[in-house]
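Before we discuss this model, I would like to set out a few points on how its chains pack, in a form that you can check against the coordinates.

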Amino acid sequence: MIVNSFITELALNTGLSNLNYLYPLFLLGIVAFVILAIGIRIENPRLFASITAGALAIVFFWLYFLPGNPNLVMSGTTIYNRYGTYFAMIMILASLLVVFPAARRLSKKADIFYAILLFVNIGIIIASFSYNILVMFVSFEAVSIGTYIMAAFGKEKRHLEASLKYFFTSTIATAFTAFGASFFYISTGTFDLTAGLKVSSFQSMDIALLFLAVGFGFKMAIFPMHQWAIDTYDGAENSIAAYLSTGSKILAFVVILKIFLVGFSGDFEVVFYLFTILAIASMTYGNIAALSQDNLKRILAYSSVAQVGYLILVLAQVSYVGNTSSHAVTLAVATGMYYSVVYIFMKGGAFLTMNIVKKDKVEISDVTGLFRKSPAVAVSFSILLLALAGIPVTGGFFAKYNLFLALITGQLWWLAVIAILNSAISVFYYFRVILYMFKDPVGETDFNLSTSVRIPVIATAFITVGLGVAFQMVYLLMSVAPGLFG
Amino acid sequence: MFIWAWLIFIFPLIGFVLSWSIGRYRKMLGGVIASFMVGLSLLASYETFLYVNSLGHPLYQSYQWFYNIKIGVYVDHITLIMVLMVSLVSTIIHLFTMYYMKGDPGRHVFFAETSLFTAGMLGLVVSSNLVVFFLFWELVGLCSYLLIGFWFFKPNATAAAKKAFIVTRVGDLLFLIGMAVIYNALVGYPGLGGNSPLSIPFLINNASSIASYMGATNLGIAAVLLLGGAAGKSSQFPLHVWIPDAMEGPTPVSALIHAATMVTAGVYLVARTYNIFFYSAPFAMYSVAIIGAFTALFAGTLGIVVNDLKRILAYSTISQLGYMMAAIGLAPVIGAAGISFGMFHLVIHAMFKALLFLTAGAILISLMDLRDVRQMGGLWRKMPVTITLFLIGSIALAAIPPTSGFYSKDTIISASWLYFSHYGSFQAFLPWLFLSLGALLTVLYTFRMFFLVAVGKPRSHLAEHAKEAPIIALIPLFILAFFSLFGGYLFQVPFYNYLATGVTLPSIPAYIEDIPLIYVAIGFLVALYLYGTSRWKSIDLSRNFFYNLLKWKYYMDVLYTRIIAERIILPVSAAFSTVENSYNSGVDRTGSGALSFGTLLRRMQDGVVENYFIVLIIGISIVFLLVELFKVVI
Amino acid sequence: MQIEFVNVLSLILFSIGLYGVMTSNIGIKMLISIEILLNSAILSLIGAGILFNTSSPLVFALFVIAIGVIESVIGMSLMAAIYRKYGKISISLIKEIKW
């Protein structure tokens, strides 16, 4: 009783009303410390993985059952609504995806890895609900700092190099973000994105926009800020590459959506130009650079640059249409949401498939003859690649189809044509990988086909197809999508 | 709920799963299951045929799939004709394939794929929504890719499969854009009334009001985009290049692709969405007619110089498909009879072309896959039954009266004269000109092929030792031969009236009507003079300009692969990787320098993290300058 | 006080920091440059706080300082790990992963 009233008192005095929304975060934090405590005595990666997965699963459902009506938490810097819940949930799914595969390669200090993963998820949940640059910045940095350490896990030199590149690029991005936030404040007098910003655009606003785009675009690996990503995905442990290219990337997408579509709603013209150029550059660069690539993980890395290009077309479309309550905008945002979940599974699954090759540097020829060894894995990987290429029936197709539909609905014909051409180019390098898999093996190739490797691949392939079948979801999401605008 | 209509394409799907899984252990059983399942879908087609006839109006069953896309079946008379034809020919081909593939280690996969292919085609035919239509369309495309490349150890086969896939993909892209245009235009259409904007019955029953809502020109653009898709699948000019190469696959595949399934899908698409073409601006219909007619002539010219037996048949297929397209395109004058004419030729062509391909398959098996007709000869004496069947196919292809080819094709040519006499302009004259000249070429290449194959003396060791195929394998072919010979005489008029009411045969002046016949006679005599004897050996055309032009297929393959693929797409890719590499390699060599541009490049070496920031700063500066520029300019 | 001065000063600092990250090939130099970048952002934030006479930019500045410290720590430990593996901290030479 006393404790309860104390908490209520505290909540009232500190603006932490609606404390029940924060309990899932407390749970994650407590479990993380518990893992650290157990880790002093026990070194069993699988145990920690199970605890982590359990905690994440509980939080996943907890978030779902929290009241859905919009609620202001933490002095109004954070808005709990269904839109944020959706993204928080799919990013937790991205974490769940890598929990068990990561256990394979963690012999020492697994407790630290899983504790960090839980902390990262706290940051993710806060960032997906917050509408204040300050809160976003802090939670985003919490994710970044956690993932630096995750990327450095492993014994090889390559892992260290990957982490190094990620670290330096990301810290510089931090500086950009802080600087951009400062200019945002100078032009508007607030850090709050929903404050109804309608001041006429002037030069410092453009600077703020540019700096914030660089700062958050780094994490998403948009075209000129992409170079670290290629090396880091290539160098890092497969499951960590999977996480970096799904969870933390989608987080950056969520933040970018909010900052540029809500925060800069008075300045849509510049947002449109900026993201159109970035999208075209990313798609084209990613797809064309992947064509002549022989390193399989780098192909996937380049393809994720291209996929980011498709994703940020959503921003281009919304800022072009402008009227945030129109059907075209709702469709575009819902498409972004659907694309994100499909992207998490198809890209995460593809990176996890790399575990079948018993080398750190995976060449495209290393998967030769996979079909002979394990048809199930080969077919599943093919499905994932086909989804990335946007071939029908998979979720990837419906995501892209809807994206093009949204662009056309917003009268952006020419942009849709560019995107379609790009996805036509991309078919080439995905099929190249598939062809290698279905060839006969030349020598004796040795694949790692243990259950812990096979299950994630097959499962993600199933989910990818399932998301295509459950396409109706987009129309459900369209009722949630307006939540983006507060 | 009339379940048979759904079973039409579900049976082969089951066949696909079963023959894949069971065929692994019992290879021959895979073939039996696949044939049986395709046979069952023939039965289902027949049940549907009876039911829909008793119903008196088209059968339409659907349920909501997502949002405003309804999945379902729509069966009208065109559909019935198609499902009966496809399942019949497919059954026959499956039966023959059990003989053809009997030694192949991967034959269960082959049967599974052909089964899936048939399922895709039948599904496409009955589907009631363009989206579902498109999905099956892609399935068919995928299967054809797999089947053409079935003998993947042959480098030609994989290259051909790739080519087929890429070229049809161009068409698919156009189709998709066309669908998007229609969808986008109709999504807010007040007359939609709960229908999906891409629902086929909705589109074809309300085409005139849609045309006035969208504007005839806009609808025409959509229609031409759909035609682009059809041209890709039905290999009309200029997307015809993939079919001749696709001959690298096993022969039953060629029969399946060329006769029953894939290539007719394009014609069927145009016939299906005929009302859209009809009510849109006139250029849409005219482009159907002119593309079809031009292809009929164009492919014919190529057919007379090719020496590969299967490729001759391939070009003849392209040419005949041109006739079907052209027949539908004549509709502004002859109305819905155009569909009847086109579809009748489609069905008849399926019969005799399947016959030709399967006999060609029997010949090739006996000749150990020797495909050069110049090295054959004298086979009539070695394998009389096969070659007699081959002859029946040939005369039907050449439209010699009274074979069924004559009935189906001459009607189209006569109709094209009606088209000319109605408009009287030069553009309206072109279809007749192309089609009738095409008839001449058809006879020429058909009998060139036949004479080279069948008469004279064997010109190679393999031809001397050719042996007859087992009669039991040839039995299915007799059914095809029967239809090729008598189908036209028996079914022509009832068929026309089944598809469209009140069709009359086009009546034109006798001297015009006789022109194609005269051409046939000329063509036959020329072929007899040159190829019935050995005179052709003494003609040296290797320096003739036109001969080389034809031999190089009007340089279109060269254009596509050498110019577009190699000169445009590859260099762009190479340029990008060169740019990347020049960051890297260019610069270890440069010595130390001050802050010059050279130093900047040196610092851009990949793998070094600080150079990434240079790329970043430059990149983002350019982006920002562009943004500011657009802001000012636009 | 003129906000422009603060802004220009912080932009100059930022440029110096950018020059630093672009040219330094030793890990410690890189970390120092990053600190300069962060400090320019902090300066700019404080300028904004003074201009509007509000505290939230100052709070932001505090957070940036804290995060800067954490990043320095991680950077230093990475440097230590690199020194153990490679025997040097010249990050320009760490370029095994490329192209």
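The points below take up the contact between two chains, then the nonpolar core, and then chain C.

1. The model is predicted, and what follows should be read with that in mind. Where chains A and B meet, 26 residues of chain B are in contact with 31 residues of chain A.

2. On the side of chain B that touches chain A, the elements giving two or more residues are α5 (130–148), α6 (155–186), α26 (556–589) and α28 (609–633) of chain B. The largest share comes from α28(B), which supplies 13 residues. By residue type, this side of chain B divides into 18 nonpolar, 5 polar and 3 charged residues.

3. The largest nonpolar core holds 466 residues, and those that touch the most other members are I312(A), L313(A), L315(A), V270(B), A354(B) and L355(B). Helix α17 of chain B, spanning residues 337–366, gives the most to this core, with 19 residues. As a general matter, nonpolar side chains in soluble globular proteins tend to be buried together.

4. Among the core residues named above, L313(A) can be followed in detail: leaving aside residues up to four places away in sequence, L313(A) touches A279(A), L403(A), L407(A), L415(A) and A419(A).

5. Chain C has 3 helices and 0 strands, so that its order from the N terminus reads α-α-α. Of its 99 residues, 40% count as buried, and among the contacts in chain C with a separation of 6 or more, 51% are between residues 24 or more positions apart.

Key: Residues numbered from 1 in each chain as written. Chains lettered and ligands numbered in written order. Predicted model: local features only at pLDDT ≥ 70, side-chain atom pairs only at ≥ 80, totals over all residues. Contact = placed C-beta atoms within 7 Å. Helix = DSSP H or I, 4+ residues; strand = E, 2+ residues; numbered from the N terminus. Nonpolar A, V, L, I, M, F, W, Y, C, P; charged D, E, K, R; others polar. Core = buried A, V, L, I, M, F, W, Y, C linked by C-beta atoms within 7 Å. Buried ≥ 20, exposed ≤ 12 C-beta atoms within 10 Å, placed from the backbone.
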